[in-house]
Amino acid sequence: MTLSPGLHAFLGQLINGLTVGSFYALIALGYTMVYGVLSMVNFAHGDIFMVGAYCGLFTIGRLQSIGYLETNPVLAIVVTFVVGMLGASLTGVLVERLAYRPVRRAGRLAALISAIGASIILQESVRLVPTIFKAILDIKIGSHNLFPDAFISGLLNLAKDFGGSAAKTYPAILGTGGFTLAGVFISYGRVLIVVLSLIIMLALYLLVQYTRIGRAMRAVSEDKDTASLMGVNVNRTISTTFFIGSALAGIAGVMVGLFYLQIRVDMGFVPGIKAFTSAVLGGIGNIPGAMLGGYILGLVEVLSVQVLPAVYKDVVAFVILILTLIFMPNGLLGNRKFLKKL
Amino acid sequence: MTMIQNFIAVYARKRWLKWVVLALLAAALLAMPLLPIPQKNLWVRILGYAGLYILLGLGLLIHVGFAGMLDLGFAAYYGIGAYTYALLASRQFDIHLPFWVMLLVGGLVAALAGALISIPVLRLRGDYLAIVTLGFGEITRLLLLNLKGLTNGSQGVIGIDKPVLFGVVFNTGTHFYYLIFLLILLFTFLTNRLIQSRIGRAWLAIREDEDVAEMSGVNTIWYKLLAFVLGAFIGGLGGVVFASWQGSIFPDNFNLLVSINVLCLIILGGLGNQYGVIVGALALIALPDMLRGFSDFRMLIFGLLLVVMMILKPNGFLPRVPPRLEKAADGKIKPQEDRA
């Protein structure tokens, strides 16, 4: 079967859009869940995604240096995902505990500004990891180092493997292999990303709908005070929401690293804004809406590249955000109850 | 510490003391470039740069501090003002309009941009407004970067004209130092008058509770639009000064970091207080320049400051002093007492 060149290119872009949309959807879920329970935009969410990517890179780098990545690549990738996920989760819970909980009663402006601060702190911490380690390890007592030399150089190398100003590169393990379907080449990497994302999102949906903690999350998002009177531990539920939302961002971070290879400390900003756009497009506070919004944005974005110069890709996302907020502020699947909180 | 607190308590009560302190500060700042100080040029530059940020802070203060609209795209107005001047008074198109006219035009073009962005977003509040303005700021930067035929892209606009006044060409930092000083005086005075006026009261009402303000007969849409336009005007004007001082500008001069810096300084100083802006700008812009050794940690310290300030002192170092009538309404003082 042969396809016309136009349709061929279109299908290729469709696959691309699904891949990008998976990233957006995974990150958007974190925004939407946090907005659900706290009615605030977690400005640092894009940076939590970045921390996930860096934790994943550090892990896969270690596994590669001990040769484990070659001998058992599947398990190595699983471990990378788990560490990236946990790193992001713990960061998310910490950010909530230290930067959001103390200002919860101080008003919206205070919460948002604290979130901007948290975002800057996360980016700068990852960037400065080697510098900070060097400053601590260089502490001298008299003319002697406080720490033994071998320890210093070992730890410094670890710190340099983790963070720093320069862009870092994931090992190219997804490879270029793939298969051809109806004349369109589909790489295994893309299949892995899309399928894994869909499985995770299904799991999240089931968790929120059918488990005890999911019920608690829905209750808190409905009404914090009433939920608390019904015996829901509100603070613990909020922490759990941050844990799960950040875990999804961490997985997206590792995926982006494996797929695009290069990661930077400011990598979270643009995907963060786009994921937020997705969450708003789908209806903020609505979990299936965030997934839908992510895929729609991914597809619109890759299709826009067919019409406009590629440099305007980011402008398209911002324009969609602004148009959604003006004409459809409760989004595609949005719940009216969140509108009153705007 | 108690001495400082006592001083502040007296300072708040005695109005003449306020003027004495301000006059002394102004005299010191005015005399500074004329005195023989080591590394004077560096100091003039640092303080002039801090002054530029004070100007921007006064603009953003109208958005965030007075009207309570969190604007994360303030760099856009700054950039629009700067590029308006740069394109109409440089070698780029070989147009050379006079600086003093362009100071106004740059402000007006930025104000127009502020009106255009604000019309669709005026119905939004809080977080949504913040994200939309952030998007607007980024769109502006991306357009400056990519409309290469007009802005020369990342190569920037170079060879921008210097201001000329009575035949004197502004070619040293000291000239700009005095220009910025005068503009700060002018706009501190104007915003001070504005906040005490009917407009200012409407803004504060919107900031405290938009629904109640609307029900009390405040035309919230109109006053929010006015706040957007006036704030953007000051931002654009700052951009014109920046472009003429630097002589060359690039899209990256107007990135998100600028918006966040300006936001930090008005929050640090205390939202809704013009004098707080001055304290905040000196602390945030001048201090890191003096502590060159810590420049690596500058942003990290910014971030920590934001979070810690929000937890400990969400109203800033110099919180807004409520106008007399508002104090009277709270029952804290009787109106008659205050007049004596």
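This tour goes through chain A, its hairpin, the contact with chain B, the core and one helix of chain B.

The model is predicted: local features need pLDDT of at least 70 and side-chain atom pairs count only at pLDDT 80 or more, while totals for chains, interfaces and linings use all residues. Residues are numbered from 1 along each chain as its sequence is written, and chains are lettered from A and ligands numbered from 1 in the order in which they are written.

**Chain A**

Select chain A. It holds 14 helices and 6 strands; helices (H or I, at least four residues) and strands (E, at least two) are DSSP runs, numbered from the N terminus. Along the principal axes, its C-alpha atoms fill a box of roughly 70 × 60 × 40 Å. The radius of gyration of chain A is 21 Å, which agrees with the value near 20 Å for a compact globule of 342 residues (taken over C-alpha atoms; the rule is 2.2 Å times the number of residues to the power 0.38). Of the 342 residues, 46% are buried, meaning that 20 or more other C-beta atoms, placed from the backbone, lie within 10 Å of a residue's own.

**The hairpin**

Next, select residues 178-187 of chain A. Strands β4(A) (178-181) and β5(A) (184-187) pair in the antiparallel sense over 4 bridges; pairing requires at least two bridges found by DSSP. Phe179(A) has Ile186(A) in β5(A) as its bridge partner. The hairpin leaves 2 residues between the strands, and Ala182(A) in the turn has a positive phi of about 50°.

**Where the chains touch**

Show both chains. The contact (C-beta atoms, placed from the backbone, within 7 Å) takes 32 residues from chain A and 29 residues from chain B. On the chain A side, α5 (108-137), α11 (269-282) and α13 (313-327) each give two or more residues. Helix α5(A) gives the most, with 15 residues.

**The core**

The largest nonpolar core has 199 residues; such a core is a set of buried Ala, Val, Leu, Ile, Met, Phe, Trp, Tyr and Cys residues joined through C-beta atoms within 7 Å. Select Leu112(A), Ala252(A), Leu55(B) and Ile266(B), which have the most contacts inside it. Leaving aside neighbours within four places in sequence, the contacts of Ile266(B) include Gly57(B), Leu60(B), Val64(B) and Val277(B).

**Helix α8 of chain B**

Finally, select residues 173-196 of chain B. The end C-alpha atoms of this 24-residue helix are 34 Å apart, which agrees with the expected 34 Å at 1.5 Å a residue (1.5 Å times one less than the number of residues). Its buried residues include Phe176(B), Tyr177(B), Ile180(B) and Phe187(B).

Definitions and conventions: A residue is buried if 20 or more other C-beta atoms lie within 10 Å of its own, exposed if 12 or fewer, and partly exposed in between; C-beta atoms are placed from the backbone. Two residues are in contact if their C-beta atoms, placed from the backbone, lie within 7 Å.
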